[in-house]
Amino acid sequence: MENSFVIGVDFGTDSVRSLVVNTRTGEEVGSAVHYYPRWQKGLYCDPAVQQYRQHPLDYLEGLEQSILGALKQCPAGTAALVKGIAVDTTGSTPGPVDETGTPLALLPGFENNPNAMFVLWKDHTANKEAALINDTAHSNGTDYTKYCGGIYSSEWYWAKILHVITEDAAVREKAASWVEHCDWIPALLTGNRSLSTLLRSRCAAGHKAMWHASWGGLPPKDFLEKLNPLLGKYDQTYTDTVEATVPAGTISEEWATRLGLSKDVVIGTGAFDAHMGAVGGGIQSYSLCKVIGTSTCDILVAPMEEAGHLFVKGICGQVDGSVIPGMLGLEAGQSAYGDVFAWLRRLIMGPLYTLLPEDKEKLAAVEDKLLGHLAQQAQQLPLRDNDPLALDWFNGRRTPDANHTVKSTITGLHLGIDAVQMFKALVEATAFGAQSIAERFAKEGVPIKEVIALGGVAKKSSYAMQVLADVMNRPIRIVNSENACALGAAMFAAVAAGVYTDIESAQKAMTSGFETVWQPRQENVPYYAARYRQFQELGAFTEKLYV
């Protein structure tokens, strides 16, 4: 096979990364990151009410700049050998669009309206709407949440749409449809200006929009109108969905020129970051792949003939072909992981920036080292039964059993507790949250044969990964690539472009392998097992406070 290249584009919460990959060897020959400037300024967001919106200009600028930046790192002539591009994004991150599929925030009069922008995955302004969806679905003849673990979340498609169109008449009148971020980018790159031909991702639709073939696609009009008559216009938004190996088309002349690529480049259909990341991380049948970032997404795949009959309660969803075609893709996760430690860092450093504005650069250098220092100190602490205990529900609970109204609780605080002990409690909390997800899969009849971890935290925090192995009492395999989500997108680009016939072949050729395996320390397993039972008791107590 001659050398050819593909580009995987990974849209994360804070930035977008583009990765140029050799399809024959899997070598990552160029990579560049673009941080969203409007997001960095905190524009259009209100953390006090859990409102998180992103402007499509951040995505547009990031798409172009990251791809150009990645190609600049490559040997001369690489751009001419690029065969395909595929993207992954956060999700559910839908945005309102007009009849041409243009996000409303790109139109005059809507440029600074947060309701006209993409509603980021972690936006929880639709808690009330999610509760309504659950109440209605569970009293209806057909439970349209049964493939979503039985509980619909405020992080998902319909809840967000209902919240925005109820709140904002201008957006309600102008929005011809709503499009997931992962569906808009392929349409943009191919020049698709028609909602009727815009392809919808099986991954996004099945996990978040209650799409399922058994009831003909999206929930029917009568169900949507029971939620609110305003939703009735969206019942036929789309009927069919596609797996991420299906091409969306070839690159438009405009984007080929902007990126310096051949007009023959194939654009793949999109999917969510964790799902493509799991493929990039080497997921196999019954691997639990933990994609660890600001939150976690836990992805598992199983043969349809073995698990297709199950209804796994309390997870985010189960969809045929959402990860690998022909396999059942199951998703769970934690609503906050890296965000938990970012909160602690802000708690410690925030007042210092206010008090010492003249020392901003020095403080930034300290902040950059803070979590590493806390981890180094925490791993030297003795394991004591009366140490502080925390819940990982700082951004609500994604799974098991979605509930974004609950909050974290920390117990065992006294005047002798310092920042290191707090850090230890938070690391343990995230590990206990991970264990609760694994237990739910097992309880529902889905075995876990191995645990794979990928992402910045997985690679950088040896302390967190060792605690995770101890708590789960399982080896944790750490993916070698620092860019596993973008690498997974590149694998899908290779299949969409016809370089490989299926994902399994692309994985075999382009995998990065594993850099290390964290083995559980058996002397610590009983301690963490007892602490985990306390974690469960604390969770049961805390949840009663939010009923």
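Reader: Let's start with α13: which of its residues are buried?

Author: Here's the general idea: an α-helix has 3.6 residues a turn, so residues three or four places apart point the same way. In this predicted model, the buried residues of α13 are L363, L370, L374, A375 and A378.

Reader: What covers those buried residues of α13?

Author: The cover includes α12 (338–355), α14 (419–443) and α16 (462–472).

Reader: And how far apart are the end C-alpha atoms of α13?

Author: They are 27 Å apart. Helix α13 covers residues 360–378, which is 19 residues, and at 1.5 Å a residue the span should be 27 Å, so the two agree. Still, α13 has a kink of about 40°, centred on L370. L370 is also one of the buried residues in this helix.

Reader: Let me try another helix. How many residues of α17 are buried?

Author: 13 of the 13, so α17 is largely enclosed by the rest of the structure. It runs over residues 484–496 and reaches 18 Å from its first C-alpha to its last, close to the 18 Å expected at 1.5 Å a residue. Just after α17 comes G498, with a positive phi of about 85°.

Reader: Which residues have a positive phi although they are not glycines?

Author: First the general idea: most residues other than glycine have a negative phi, and most peptide bonds are trans. Here, Q50 has a positive phi of about 60°, and Y286 has one of about 65°.

Reader: Where are Q50 and Y286 found?

Author: Q50 sits in the loop between α1 (37–40) and β4 (53–54). Y286 belongs to the loop between α10 (273–280) and β12 (287–292).

Reader: Is Q50 buried or exposed? And Y286, buried or exposed?

Author: The cut-off you need is that buried means under 20% relative accessible area. Q50 has a relative accessible area of 16%, so Q50 is buried. Y286 comes in at 7%, so Y286 counts as buried too.

Reader: You mentioned peptide bonds. Which residues does a cis peptide bond join?

Author: One joins G91 and S92, with omega at about 5°. S92 is in the loop between β5 (82–89) and β6 (94–97). Another runs from T399 to P400, with omega near -5°. P400 lies in the loop between β16 (389–390) and β17 (410–411).

Reader: What can I say about F394?

Author: F394 is found in the loop between β16 and β17 as well. With a relative accessible area of 27%, F394 is partly exposed. Then look at what touches it: leaving aside neighbours within four places in sequence, F394 is in contact with A336, V340, W343, S408, I410 and L426. The C-alpha atoms of F394 and S335 are separated by 7.8 Å, though these two residues are 59 residues apart along the chain.

Reader: On to the hollows. What is the volume of the second largest pocket?

Author: About 320 Å³. Of the 17 residues that line this pocket, the closest to its centre are R397, P400, S436, R440 and Q536. You met P400 already, at the cis bond from T399.

Reader: Which elements give two or more residues to that lining?

Author: They are α14 and α19 (525–544). Helix α19 gives the largest share, 6 residues. Helix α14 also turned up earlier, in the cover over the buried residues of α13.

Reader: How many cavities of 30 Å³ or more are there?

Author: The count comes to 3. The largest cavity has a volume of about 90 Å³. Among its 15 lining residues, P186, A187, L199, A248 and T269 are the closest to its centre. Helix α6 (residues 181–190) gives the most to that lining, with 5 residues.

Reader: Last one: where does UniProt place domains?

Author: An unreviewed UniProt entry places "Carbohydrate kinase FGGY N-terminal" at residues 6–280. Over that span the chain is 33% helix and 19% strand, and the end C-alpha atoms are 14 Å apart. The entry, again unreviewed, places "Carbohydrate kinase FGGY C-terminal" at residues 291–497. That span is 46% helix and 17% strand, and its end C-alpha atoms lie 26 Å apart.

Key: Residues are numbered from 1 along each chain as its sequence is written. This is a predicted model: local features need pLDDT of at least 70, side-chain atom pairs count only at pLDDT 80 or more; totals for chains, interfaces and linings use all residues. Side-chain values use heavy atoms; hydrogens and water are left out. Helices (H or I, at least four residues) and strands (E, at least two) are DSSP runs, numbered from the N terminus. The expected span of a helix is 1.5 Å times one less than its number of residues. The bend at a residue is the angle between axes fitted to the seven residues ending there and the seven starting there. Buried means under 20% relative accessible area, exposed over 50%, partly exposed in between (1.4 Å probe, protein chains only). Contact means heavy atoms within 4.5 Å. UniProt positions are given in the numbering used here, feature names are shortened, and annotations may be inferred rather than shown by experiment. On a 1 Å grid over the protein atoms alone, a cavity is a set of points where a 1.4 Å probe fits but cannot get out, and a pocket is an open set with protein on both sides within 12 Å along at least five of seven lines; lining residues have an atom within 4 Å of a point. Grid points are joined across faces, edges and corners, and a volume is the space filled by probe spheres set on the points.
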